[in-house]
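Look at how the helices pack in this model, and at where empty space is left between the atoms. Start with the open space.

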Amino acid sequence: MKYNHKARILSISGFVVATLCSTVPVSAVAEVKFGALYPLSGGLALLGEESYRGLELAVEQVNKDGGVQGEAVVLETGDAVDNNQAIGEARRLIAREDVKAIFGTYSSSRSLAASQVAEMSKVPFFELGAVADDVTDRGLSYVFRTNPTAYHMAKTSIDMLVDGIAPELDVEPSELRIGIIHEDSNYGTSVAGHQRTFAEERGLNVVMEEHYPASSVDMSSIVLALQSAQADVVLQTSYQDDSVLFLRQSNERNYRPKAIIGGGGGYSMKPTAEAVGFDVIEGVYDADFTQFNINPDFAPGIEEFVASYEAKYQEAPRSGHSLINYAGALGLLRAMDQGSGFSAEEIKEAVLTMDVPVGGTAAGIGIKMGENQQNERARMMGMQWQNGELVTVYPEAASVSDIIVSQE
């Protein structure tokens with residue numbers, strides 16, 4: 001079979017993003033354009049780009065298979081560097097580029113801003129990575145989310161603590177003193193709120209809660225407050241920079257809780273481990289999207305995804321954000337391929353018929369739109385940094401290693 005090769009390149013703040021470099025069968029001669037809206041520059045660029053890579057790989061896979069309804073998918077990229085830019089780029093993608101839907105966005109605050117624009121324009125908005133409750137709790141008609149949410153992140157962190165970590169520590173969960181810290185956007189606030197609820201339901205003792213701006217340059221006062229409260233478990237919901245800052249300053253002040261459980265991309269990234277030192281992050285936990293050290297029986301297709309990622313980007317995946325975006329986008333594009341057109345109503349009808357079972361994607365999640373068009377078959381996993389690698393330790397069916405606790 002002969003192939004056409006298409007490439008669109010966008011240069012953003014010193015790095016180049018390939019918005020589509022896909023092998024497309026000649027039979028897919030027409031094109032359908034979708035928006036790809038992520039923070040590709042600024043403070044959230046690292047995970048924004050990682051998330052975008054997952055969408056890009058899904059598009060390439062679909063195009064190799066003949067496109068969507070026989071048309072080659074072309075991604076028009078927007079840079080959601082902040083909320084205002086997210087709004088402006090969403091407007092541009094819809095009005096100027098005439099995209100049929102928008103995929104994004106990783107950041108909850110950016111997603112909330114951009115999806116409102118899409119809703120007003122009656123353009124489907126597919127959230128693949130933002131977790132704040134409000135993304136799908138606003139009763140909007142054209143906003144869909146495939147990834148797990150703040151609820152799932154909080155529940156996984158508390159369940160892993162009670163059912164996994166506490167028994168390994170040989171301590172009753174109620175005896176542990178819990179400190180909750182979080183960045184203060186919709187994202188961190190949503191997760192922390194659910195953590196309080198689940199902690200109360202399971203009889204845990206929360207001794208402190210503190211929020212802070214993600215742009216903070218000093219968290220020493222929070223570390224001191226945790227020490228003063230004698231918190232021996234810390235739950236932090238964070239982005240990358242504030243994850244690095246907290247781990248560094250905790251280490252500098254010799255603060256050694258029995259468990260640090262991160263929630264969010266900062267704790268799942270190799271660059272975070274490299275920034276703080278693998279000795280510092282050793283033993284730290286993460287409740288997050290599916291990562292790559294996972295039982296492949298629980299996430300069929302994971303090995304093929306990693307191989308495709310490494311072949312295209314010449315490096316290993318940097319976090320599970322690429323994987324969760326890939327799984328969601330691939331499911332949505334395949335659903336649209338079974339549809340009858342690209343109007344908003346035709347796309348919505350196709351997406352609402354999705355019925356992918358749990359274990360039917362490389363991320364281990366299923367996909368079926370439930371209340372508020374939130375994927376009711378999404379889930380998160382529990383991981384731990386062990387010997388320089390982030391490995392899945394919870395639940396047991398997905399694990400590739402046992403939980404290891406410090407004997408200090």
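Helix α7 gives the most to the lining of the largest pocket, supplying three residues. The model is a predicted one. Other elements join in: α4, β11 (259-263) and α9 (278-281), like α7, each supply at least two residues of that lining.

The lining of the largest pocket has 23 residues in total. Nearest the centre of this pocket lie Arg256, Pro257, Lys258, Glu282 and Ser406. By class, the lining holds 11 nonpolar, six polar and six charged residues. The pocket contains about 640 Å³ of space.

Now turn to enclosed space. How many cavities of 30 Å³ or more are there? The count is one. About 90 Å³ of space lies in this largest cavity. Its lining has 14 residues, and Tyr106, Gly129, Val131, Tyr187 and His321 lie nearest the centre. Seven of the lining residues are nonpolar, six are polar and one is charged.

Here are the two spaces side by side.

| Space | Volume | Lining residues |
|---|---|---|
| Largest pocket | about 640 Å³ | 23 residues |
| Largest cavity | about 90 Å³ | 14 residues |

Next, the helices. Two packed helices are described by the angle between their axes and the distance between the axes.

Take helix α4 (residues 150-169) and helix α5 (residues 186-201). They pack at an angle of about 45 degrees, and their axes are 8 Å apart. That angle makes α4 oblique to α5. The crossing of α4 and α5 is right-handed. Which residues of α4 and α5 meet? From α4 come Ala150, Tyr151, Met153, Ala154, Lys155, Ser157 and Ile158. From α5 come Tyr187, Ser190, Val191, His194, Gln195, Phe198 and Ala199. The residues of this contact divide into nine nonpolar, four polar and one charged. Tyr187 takes part in this contact, and Tyr187 is also among the residues nearest the centre of the largest cavity.

The other pair is helix α6 (residues 220-228) with helix α7 (residues 240-252). Their axes come within 9 Å and cross at roughly 55 degrees. Are α6 and α7 parallel or oblique to each other? They are oblique. The crossing of α6 and α7 is right-handed. Ser220, Val223 and Leu226 in α6 meet Phe246, Gln249 and Ser250 in α7. The residues of this contact divide into three nonpolar, three polar and no charged.

Notes
Residues are numbered from 1 along each chain as its sequence is written. This is a predicted model: local features need pLDDT of at least 70, side-chain atom pairs count only at pLDDT 80 or more; totals for chains, interfaces and linings use all residues. Side-chain values use heavy atoms; hydrogens and water are left out. Axes are lines fitted to C-alpha atoms, for helices over the stretch in contact, and angles run from 0 to 180 degrees between N-to-C directions. Helices (H or I, at least four residues) and strands (E, at least two) are DSSP runs, numbered from the N terminus. Angles under 35 degrees count as roughly parallel, over 145 as roughly antiparallel, 65 to 115 as roughly perpendicular and the rest as oblique. A crossing is left-handed if the near helix is turned anticlockwise from the far one by less than a right angle, and right-handed if clockwise. Contact means heavy atoms within 4.5 Å. Ala, Val, Leu, Ile, Met, Phe, Trp, Tyr, Cys and Pro count as nonpolar, Asp, Glu, Lys and Arg as charged, and the others, Gly among them, as polar. On a 1 Å grid over the protein atoms alone, a cavity is a set of points where a 1.4 Å probe fits but cannot get out, and a pocket is an open set with protein on both sides within 12 Å along at least five of seven lines; lining residues have an atom within 4 Å of a point. Grid points are joined across faces, edges and corners, and a volume is the space filled by probe spheres set on the points.
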